[in-house]
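Biologist: I have a structure to get to know before I go back to the bench. Can we walk through it together?

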Amino acid sequence: MYGRYIKRIEKRIENHSFAVIGTYHGSGSTLLSVNFAAFLAKNFSGDVAVIEANGSGDFEKMAQCEEYCNHISKIEGGFRIGNIYYFYNVARDFSAYLRSRKFAFFVYDMGIEFMRNEEIFLSCNQKIIVGSHLGWRMSRYEQLLSCAKMLEGYRSWEYIDMMKGDGAAYFIDEGRVKLKKMPVIEDALMVSDEAERIYQSFL
């Protein structure tokens with residue numbers, strides 16, 4: 001569907017790194033990280049590294065999931081499915097080692113622990129902020145922005161609403177930044193057409 005678009009930008013984004021940040025515990029940063037990595041692997045050549053940097057242990061649970069176990073190959077520090085490499089709870093020194101390897105893309109699932117890995121967070125080419133417009137969760141975007149405003153280019157980050165809900169538009173930062181609505185991800189390794197359109201905008 002996006003063949004010509006993908007070819008046009010492939011060289012420009014080679015070796016790009018993405019930090020996926022949750023505004024609260026359970027916001028969906030791991031789900032989006034895995035699904036976005038599936039998009040990258042589907043549309044670009046080269047290997048994709050998905051790096052757990054939040055201490056959640058979700059990737060170990062994923063490796064034990066019956067749904068995926070027949071497709072998994074174990075590797076040092078994690079597992080592989082096709083050309084996507086998943087690494088468990090990576091320490092800073094191991095992250096530096098990974099960055100020296102020949103991966104086409106790096107996706108860091110940082111969750112709410114991104115400030116513990118500030119150096120990695122700041123080094124990533126793009127930041128993806130995951131949250132929800134519902135109730136008190138909306139205020140978590142603003143709390144994060146109170147720190148992010150000290151960083152140049154924070155308005156160019158991606159701000160994702162994982163709770164699709166109604167068709168209303170939601171804004172943060174006093175109306176300057178519009179939240180992008182993420183479609184429901186039913187299978188972390190399957191990318192819907194609607195999700196592909198969102199992921200295009202990350203690049």
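What follows is a set of short questions and answers on this predicted model.

Biologist: How many helices and strands are there in the protein?
Modeller: Start with the overall dimensions. The C-alpha trace spans about 45 × 40 × 35 Å along its principal axes. As for elements, the protein has 8 helices and 11 strands.

Biologist: Why is the protein called as compact as a globular protein of its length?
Modeller: Take the burial first: of the 203 residues, 50% count as buried. For 203 residues the globule rule gives 17 Å, and the protein is close to that, so it is as compact as a globular protein of that length. Its radius of gyration is 16 Å.

Biologist: Which strands are the edge strands of the open sheet?
Modeller: The sheet holds 9 strands with mixed pairing, in the order E3-E4-E5-E2-E6-E1-E7-E8-E11. An edge strand pairs on one side only. That description fits E3 (73–75) and E11 (180–181).

Biologist: Which residue is the bridge partner of valine 48 in E5?
Modeller: Strand E2 covers residues 48–52, and strand E5 covers residues 84–87. The two pair in the parallel sense over 4 bridges. In E5, valine 48 has as its partner isoleucine 84.

Biologist: Is strand E7 mostly covered or mostly open, and how many of its residues are buried?
Modeller: In a regular strand, side chains alternate between the two faces of the sheet. On one side of E7, Gln126, Ile128 and Val130 are buried; on the other, Lys127, Ile129 and Gly131 are buried. Buried means under 20% relative accessible area. E7 (residues 126–131) is mostly covered, and the buried count is 6 of 6.

Biologist: What is the handedness of the crossover from E7 to E8?
Modeller: E7 pairs in the parallel sense with E1 (residues 16–22) over 5 bridges, and glycine 22 stands opposite valine 130. E7 also runs parallel to E8 (residues 158–161), joined by 4 bridges. In that pair, isoleucine 129 stands opposite tyrosine 159. The chain passes from E7 through H7 to E8, and this β-α-β crossover is right-handed.

Biologist: Is lysine 149 buried, partly exposed or exposed?
Modeller: Lysine 149 sits in the loop between H7 and E8. Its C-alpha atom is separated by 9.6 Å from that of aspartate 173, 24 residues apart along the chain. Exposed needs over 50% relative accessible area, and buried needs under 20%. At 42%, lysine 149 is partly exposed.

Biologist: Which elements give two or more residues to the lining of the largest pocket?
Modeller: The largest pocket has a volume of about 360 Å³. Of its 22 lining residues, Ser29, Thr30, Asn54, Ser56 and Asp58 are the closest to the centre. The elements that give two or more residues are helix H2 (29–43) and helix H3 (58–63).

Biologist: How do the residues of that lining divide into nonpolar, polar and charged?
Modeller: Take the classes one at a time. There are 8 nonpolar residues in the lining of the largest pocket. The rest of the division is 11 polar and 3 charged.

Biologist: Which helix gives the most to the lining of the second largest pocket?
Modeller: About 150 Å³ of space lies in this pocket. Its lining includes Gly22, Tyr24, Phe114, Arg140 and Cys147. By class, the lining has 6 nonpolar, 3 polar and 1 charged residues. With 4 residues, the element that gives the most is helix H7 (residues 137–148).

Key: Residues numbered from 1 in each chain as written. Predicted model: local features only at pLDDT ≥ 70, side-chain atom pairs only at ≥ 80, totals over all residues. Heavy atoms only, no water. 1 Å grid on protein atoms, 1.4 Å probe; cavity = no way out; pocket = protein on both sides within 12 Å on 5 of 7 lines; lining within 4 Å. Points joined across faces, edges and corners; volume = space filled by probe spheres on them. Nonpolar A, V, L, I, M, F, W, Y, C, P; charged D, E, K, R; others polar. Pairing = 2+ DSSP bridges. Buried < 20%, exposed > 50% of the residue type's maximum accessible area, 1.4 Å probe, protein only. Right-handed = clockwise from strand over helix to strand, strands pointing away. Rg over C-alpha atoms; globule rule 2.2 N^0.38 Å.
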